[in-house]
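Got the viewer open and a selection box ready? Let's walk through this one stop by stop, picking a residue or a stretch each time and looking at what surrounds it.

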Amino acid sequence: MKLEYTVFSFDTFKEEMTKLRDAKHFDYLVTIIGEDFGSEEGLGCIYILENTETHERISVKQMARQIGNDYVIPSVYYIWRAADLMEREVFDFFGIKFLGHPDMRRLFLRNDFVGYPLRKDYDMSPEHNQFPMTDEPETDWTSEWNLNDLGELVETKHRLFGPDDYVVNFGPNHPSTHGVLRLQTVVNDETIEHVYPHLGYIHRGMEKMMEAMTYPQTLALTDRLNYLCAMHHRHALVGVIEEAMGVELSDRIHYIRTIMDELQRIDNHLLFLGTCAQDLSALTAFLYCMRDREHVLNVMEETTGGRLIQNYYRIGGLQADIDPHFVENVKALCKYLRPMIQEYLDVFGDNVITHQRLEGVGYMNLADSINYALTGPAGRAAGWHNDVRKNHPYDLYDKVEWKEITGTGCDSMTRYMIHINEMYQSLNIIEQLIDNIPEGEFYIKQKPIIKVPEGQWWFSVEGGAGEFGVYLDSRGDKSPYRVKMRPMGLTLTGAFDKMLRGEKIADLIATGASIDFVIPDLDR
Amino acid sequence: MEKVYILSSLPQMFDSLLRDTCGLSNFWAVLIECVLVGLLVLAAYATLAIILIFMERKVCAYFQCRIGPMRVGPWGTLQVIADVLKMLIKEIFFVDRSDKLLYCIAPFLVIIASVGTFSFLPWSQGWNVLDFNVGIFLLTAISSIGVIGIFMAGWASNNKYSVVSAMRGAVQLISYEMSLGLCLISAVILTGTMQISGIVEAQTGPWQWLIFQGHIPAILAFLVFCIAGNAEANRGPFDLAEAESELTAGYHTEYSGMGFGFFYLAEYLNLFVVSGIATTVFLGGWAPVNIGIAAFDSVMDYIPGIVWFLGKTFVVVFLLMWIRWTFPRLRIDQILKLEWKYLMPLSLCIIVLMVICVSFGLTFTING
Amino acid sequence: MEDKKQSYFGEVGSALKTLATGLKVTMKEYFTPKTTEQYPENRKTTLHVAKRHRGRLVFKRVTEDEVNDPQIQKRGLKVGDYKCTACTMCERACPNDTIKITSHMETDPETGRKKKVLDDYQYDLGDCMFCELCVNACNFDAIEFVNDFENSVFDRSKLVLHLDKEKYQGGSLPNIIDGGADWSVGTFNTKTK
């Protein structure tokens, strides 16, 4: 979607945003994009909002006001709670202070990092960006910034950890954090009182890197986000570039992309079912899922040449045509997988211990799910119809028959069951398409140097764990001016504190398992 | 009328060899026997640990569609030996600001408890190492030393995971000792003795194993014992103290080399000891399968008791591994709920039922 | 959702039933064929590697069939020659600076036309992220990825390859370029022979 901004004045911004949520039902904050619009315009933010009833999307642009050396924007933290980590991310990369945000710390970078790297005037020289050889300083304090009556910026300090708090660090190196997530958890005996996520242990600065790359080169990075949703990530980036360039794809490309996306979803869900079992110590169920995932990967590898890093979509189509045996292999795979899903349920999903461990754990009701922007299966477990494939169909999702799976349990068990049922839906989609792949081009030839016309676009796809969207600001060059990716896991992690207060340590692991976040995706 | 089984007189023969043939005095004979038996116990302990670890690897692999270790030695048989060697040459480190004394003692306490209970196992008729008239009672007493070891290890490590794990371990082990003890008491009611050799002796003869003799209450007691024993041995689905996906490795997170090795050994041997006690008390220990047909029984009686004992024990071990590799782990409150809400009342019922059966002569016996 | 109100014993009963189902499944799997593929024991026998798997970059050489192609003839290439013209499109396409091309200009004595001649085509396998952008960028069909994956060495400097200097012979394993042993969905090549 090409972005047409609404702009509010700085002083009425908060009221107008509240009005949008309350009066016009824009209660899902998709993402906040910080951007350095250049030396004339300065720093600002773009907010993308969705009306959860009509699924209409709008974007709001708000420029930051400069006070001395600081840039400020009123926070929307109390309007959409999902803004918590998103605003911290903008603060981290652009140095925009959000007025009234109660926890204005850096999110991805170290506390002692100097400068704001995504500003265009940031010094990228290697001398200025030495790898630090000291430990990261830890602080028990956080800041809130506000404007006083005189229009000056004042800081209020908040204490995160009291002197008597028993703080356990889950991660960054921990078997169940699916990567290098660090959860500073305040516990009282076995009961959790607070969870503070620390991110950035695998932050690679992809958005900054992309600003220096040509468009085809940017694609090489997306597979390295959530490596279980490589196709989805690349689909979103390819989608936004193709939309901006106005590339018309052949039917064959649409068919193959839809099938590949669904195969990838099955792959992701199989790994989810496995790791969910493993986090609850059912290693056997984990290996059954991994065994069957191997078959999915084998089928994909014959065509794409990759297992995790698929490298299959490119601007204007696909890297290569499907393998000659692809159709028969996929059919055999579908036939093989259907009975196997029942086996996962028999050995793990229906087990009374699993039910005891997951039911009522990590509870998040519908209103909170939307407020915290829990997209994907986690939100659908609360009955929120948030599937991008239904709400903003791309490729063939509006032409095939499939059901959006939602639940009412709002807990981890429902999330698990949604993954199971979505696998059946994915198999349905694949089976409808696999026999009808039309003849045609698998790649629409593009110019050797790809340039995208000026403008801002947003394109999102349904990844394995939620909505994955890409914002592209092009100034007509061969590299993007600004790319922002909405990771699937960021809002999920932001909701941990809400979900886990008052639950047990073991529930932290169970909730993490059922919510399906992957750290390279949310760190980028 | 006491029936004598094959090889049961071996210890006596050895004793008379020392005293009569070699003409040693009482002191020297007893000394040599003690040293020899001690060595045998430790050797058996180590050998069984290696066998059990190898068995666990292969069995768990087979449950998980894998084939397990294959590289070291034919069919991977030397893998565990390689691991032991690796563990022996590992650096032993100490943790800053830990309680050094407790930190060092803890693994020994755990292994002492494990070897102590191990020594109670009746290998064959007359092959008991420790055989007191309050055997069962002493057995449960010694086994609970292990809890202190776990608790001390967790506490002394100066690691938050370890402390949480130690608390979990302590609360879990103390709870499950309850139903473990109650199940053993029901067996004592049936056999009328606490001496381990006496309990096994009472199970010789056709259909005299306690689970046949005591039928319904005994079978229930056996099942409860297996569950509680699994929890006592800190094995999944009750491995909360270790809980590798929550607390990395729990109370032994901060141990390396043989310190860790001792915990590891003790875990596997506790599995064996629990299965061994279950075998002794409910499955007839070394008593052979007798079905009341003379020809069959006499053939069975020719098989030495130790073969019967090990065979039955390994069947129970396999059963416990099967459970371990099928189920997910419980949560701490659920584990306590299971004990106090289900197993405890059940074992109390079992005792009442057993008392009724015994006092009204409702037990299943053939030759009275 | 089923009826949640069950009696104490009903609860225990249905709980035990689910546990028994789990035990049944694992016992069944205990006796089904295993899945472990034993690499490297099977590397020359039952190993299957997808044909399109990206193991490393190689220079394509002119084959017998191609030698009559007018484009090839125009450039005067013989069978076994590489097709690279040192145009550096691949070098510029690479996001990782994996490829470094050095060349010099040479004047053809017959036609008098100036032509770029390749001195060295350096490809650092250790830096490569296998994105295939270089292959996409190449206008002369000069490079390709092959599925030869056994590239580990003890010294990083050995990963720096000079593609124009080597004659790639098809990797360390027989038939691996064609995918190796057969494979079908739902099975594993567990045997080593």
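Start by selecting Arg501(A) and showing its contacts: beyond its neighbours within four places in sequence, Arg501(A) is in contact with Ile192(A) and Glu193(A). You'll find Arg501(A) in the loop between α15 (496–500) and α16 (505–515) of chain A. Is Arg501(A) buried or partly exposed? Count the other C-beta atoms within 10 Å and you get 13, so Arg501(A) is partly exposed; 20 or more would be needed for buried. Now add Phe13(A) to the selection and draw a distance. The two C-alpha atoms of Arg501(A) and Phe13(A) sit 32 Å apart, with their positions 488 residues apart in sequence.

Before going further, a word on confidence. Everything on screen is a predicted model, with ipTM 0.84 and pTM 0.86. Colour by pLDDT and look at chain A: its mean is 86, and 100% of its residues reach 70 or more. Which element of chain A has the lowest mean pLDDT? That's strand β1 (residues 5–7) at 82, while helix α2 (residues 83–94) has the highest, at 90. Chain C has a mean pLDDT of 82, and 97% of its residues reach 70 or more.

Next, show chain A alone as a cartoon. You should be able to pick out 17 helices and 17 strands. Its radius of gyration is 23 Å against the 24 Å that the globule rule gives for 524 residues, so chain A is as compact as a globular protein of that length. If you want a box around it, the C-alpha trace spans about 70 × 60 × 50 Å along its principal axes. Of the 524 residues in chain A, 54% count as buried. A contact map is worth plotting here too: take the chain A contacts with a separation of 6 or more, and 68% of them join residues 24 or more positions apart.

Now colour chain A by its UniProt annotations, both from an unreviewed entry.

- Select residues 11–126 of chain A, where UniProt places "domain: NADH:ubiquinone oxidoreductase 30kDa subunit". This span is 21% helix and 31% strand, with its end C-alpha atoms 40 Å apart.
- Select residues 279–448 of chain A, one of the two pieces that UniProt annotates as "domain: NADH-quinone oxidoreductase subunit D". Here the chain is 54% helix and 2% strand, and the end C-alpha atoms are 47 Å apart.
- Select residues 450–524 of chain A, also covered by that UniProt annotation. The make-up is 36% helix and 28% strand, and the ends lie 24 Å apart, C-alpha to C-alpha.

While chain A is up, zoom in on His55(A), in the loop between β3 (43–50) and β4 (57–63). Check its backbone: phi is near 65°, a positive value in a residue other than glycine. His55(A) has 14 other C-beta atoms within 10 Å and is partly exposed.

Bring the other chains back for the nonpolar core. The largest one has 273 residues, and Ile96(A), Val240(A), Leu269(B) and Phe282(B) touch the most other members. Its largest share, 14 residues, comes from helix α12 (residues 257–282) of chain B. Click on Val240(A) and you'll see contacts from elsewhere in the sequence: Trp457(A), Trp458(A), Phe459(A), Val470(A) and Leu472(A).

On to the interfaces. Where chain C meets chain A, the contact takes 23 residues from chain C and 30 residues from chain A. On the chain C side, α1 (8–31) and α4 (133–137) each supply at least two residues, and α1(C) gives the largest share, seven residues. Colour that side by class and it splits into 12 nonpolar, eight polar and three charged residues. Then switch to chain C against chain B, with 12 residues from chain C and 11 residues from chain B. The chain C side here has four nonpolar, six polar and two charged residues.

Two last stops, both in chain C. Select Tyr39(C) and Pro40(C): the peptide bond between them is cis, with omega near 5°. Pro40(C) lies in the loop between α1 and β1 (56–59) of chain C. Finish at Phe130(C), in the loop between β3 (114–124) and α4 of chain C. Its phi is near 55°, positive in a residue other than glycine, and with 20 other C-beta atoms within 10 Å, Phe130(C) is buried.

Terms used: Residues are numbered from 1 along each chain as its sequence is written. Chains are lettered from A and ligands numbered from 1 in the order in which they are written. This is a predicted model: local features need pLDDT of at least 70, side-chain atom pairs count only at pLDDT 80 or more; totals for chains, interfaces and linings use all residues. A nonpolar core is a set of buried Ala, Val, Leu, Ile, Met, Phe, Trp, Tyr and Cys residues joined through C-beta atoms within 7 Å. A residue is buried if 20 or more other C-beta atoms lie within 10 Å of its own, exposed if 12 or fewer, and partly exposed in between; C-beta atoms are placed from the backbone. Helices (H or I, at least four residues) and strands (E, at least two) are DSSP runs, numbered from the N terminus. Two residues are in contact if their C-beta atoms, placed from the backbone, lie within 7 Å. pLDDT is the predictor's confidence in each residue, from 0 to 100. Ala, Val, Leu, Ile, Met, Phe, Trp, Tyr, Cys and Pro count as nonpolar, Asp, Glu, Lys and Arg as charged, and the others, Gly among them, as polar. UniProt positions are given in the numbering used here, feature names are shortened, and annotations may be inferred rather than shown by experiment. The radius of gyration is taken over C-alpha atoms; the globule rule is 2.2 Å times the number of residues to the power 0.38.
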